[in-house]
Amino acid sequence: MSEQQPRLRKALDGIPTYRPGRPAAATADGTPAYKLSSNENPYPPLPGVLEQALTATGALNRYPDMGCTAMLEELAARFDVPMEHLATGTGSVGIAQQLVQSTAGPGDEVVYAWRSFEAYPIITQISGADSVQVPLTKDEGHDLEAMAEAVTGRTRLVFVCNPNNPTGAALRRAELERFLDRVPGEVLVVLDEAYREFVRDPEVPDGLELYRDRPNVCVLRTFSKAYGLAGLRVGFAVAHPPVAAALRKTAVPFGVSQVAQDAAVASLRAEAALLERVGALVEERARVREALLAQGWTVVPSQANFFWLRLGDRTADFAAACEEAGVVVRPFAGEGVRVTIGEPEANDLVLRVAEKFREQL
């Protein structure tokens, strides 16, 4: 037997591994445990969605509609965009990977803030391109001035996560427009808006308003967060025809299941219930932040369904204390923790841990 191994691409050497939020495990005394590590929606699927999804499972022996026709028609009507400006994928992260594949390769650069969505360095390295990571501001947001200066002749794509994951900070219209005006037209700017539905600051722009007269702007959205379809992996992009066409070319054939397509359509048609649930989570977000501020924490205003605590070398200790209390949060070693806004009972557990932890600092 030959001892030789298959030759793999050098671009994969040392690639960072995506680390999903850990699941919650039962506590020693059997009390409920909560998972606040993955920014999931604590609510079940919206009214009518489960029934539609179950109906779709009756045709699992058939391939899904590769063109996602019904879903695209619903999206086009809901967001007032032409169908040829739409593309679907396995969540917004799947589409993000297709965008990098479509624009960047060896010798090219992808610019993004750091820390931001941890998939960006992974999908960039897979393509063979180089990451250009621009540090966040002291307010935990994008340093757009530095990002604009980081754009060079090698830059092919810029990711702007708005609101930013994991810090929750969001960019406002004037600063984002100034940035877009500075980026050369041949560089694709991707506005990753996975948490758009949770935004309440009127100064934070809807990326769809910015894309319409800017051919180099692409907007990413997902059904995983506000719509509560994280387990079905379905998202979409809105971009001008050349970019949307490239996404269709790089898509995995039949990647979005028929169950996911039909569930997405049903979710879009349940907007009243969606707004009610998102509103409740936003109220809970405000309650939690006010409690943390009262305890003496510095908490950046979040426009997403999570909050961020910068803890430095105490990060692992805080995460361990939360887990011992029955709630799992998402630690970023040496930096801080991201905590999803979940059930009030889960949020209260985190607040109790935070209060005790604060007293020890």
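This section describes the domain arrangement, the interface and selected local features of a predicted model.

The protein chain is assigned to two domains. Domain 1 is formed by two segments, 10-45 and 271-359, whereas domain 2 spans residues 49-269. The centres of domain 1 and domain 2, taken over C-alpha atoms, are separated by 24 Å. To the contact, domain 1 contributes 33 residues and domain 2 contributes 35 residues. About 2,900 Å² of area is buried between domain 1 and domain 2, and carbon and sulfur atoms account for 58% of that area. In the UniProt record, an unreviewed entry, residues 35-348 carry the annotation "domain: Aminotransferase class I/classII large". Over residues 35-348, helix makes up 40% of the chain and strand 17%, and the C-alpha atoms at the two ends lie 13 Å apart.

Polar and charged pairs were examined at the interface of domain 1 and domain 2. Across this interface, 15 residue pairs are in polar contact, with both residues of each pair at pLDDT 80 or more. On the side of domain 1 that touches domain 2, helix 10 (271-295), strand 9 (306-310) and strand 11 (330-332) each provide at least two residues. Helix 10 gives the largest share of that side, with seven residues. Sorted by class, the side of domain 1 that touches domain 2 comprises 16 nonpolar, nine polar and eight charged residues. The number of salt bridges between domain 1 and domain 2 is four.

Side chains of opposite charge can pair when their charged atoms come close. In the whole structure, 20 salt bridges are found. Among them is the pair of Asp201 and Arg172, whose closest N and O atoms are 2.7 Å apart. Asp201 is located in the loop between strand 6 (188-192) and helix 7 (207-211), and Arg172 in the loop between strand 5 and helix 6, so this salt bridge ties together parts of the chain that are 29 residues apart in sequence. A further salt bridge joins the side chains of Glu335 and Arg115, with an N to O distance of 2.8 Å.

Arg115 is also part of a backbone feature, as a cis peptide bond with omega of about 15° links Trp114 and Arg115. Arg115 itself is placed in the loop between strand 3 (109-114) and helix 4 (119-127). Another cis peptide bond, with omega of about 25°, connects Asn165 and Pro166. Pro166 belongs to the loop between strand 5 (155-161) and helix 6 (173-182). Cys68, although not a glycine, has a positive phi of about 50°, and this residue lies in the loop between helix 1 (49-57) and helix 2 (69-79). Such features are notable because most residues other than glycine have a negative phi, and most peptide bonds are trans.

Asp139 provides an example of residues distant in sequence being brought into contact. This residue is situated in the loop between strand 4 (130-135) and helix 5 (144-150). With neighbours within four places in sequence left aside, Asp139 contacts Ala169 and Val300. Asp139 and Val299 are 9.6 Å apart in space, C-alpha to C-alpha, while 160 residues separate them in sequence.

Terms used. Residues are numbered from 1 along each chain as its sequence is written. This is a predicted model: local features need pLDDT of at least 70, side-chain atom pairs count only at pLDDT 80 or more; totals for chains, interfaces and linings use all residues. Side-chain values use heavy atoms; hydrogens and water are left out. Domain bounds come from an automatic or database domain assignment. Contact means heavy atoms within 4.5 Å. Buried area is the accessible area (1.4 Å probe) that two parts lose on being put together, summed over both. A polar contact is a pair of N or O atoms within 3.5 Å; within protein, one must be able to donate a hydrogen and the other to accept it, and residues adjacent in sequence count only if both atoms are side-chain atoms. Helices (H or I, at least four residues) and strands (E, at least two) are DSSP runs, numbered from the N terminus. Ala, Val, Leu, Ile, Met, Phe, Trp, Tyr, Cys and Pro count as nonpolar, Asp, Glu, Lys and Arg as charged, and the others, Gly among them, as polar. UniProt positions are given in the numbering used here, feature names are shortened, and annotations may be inferred rather than shown by experiment.
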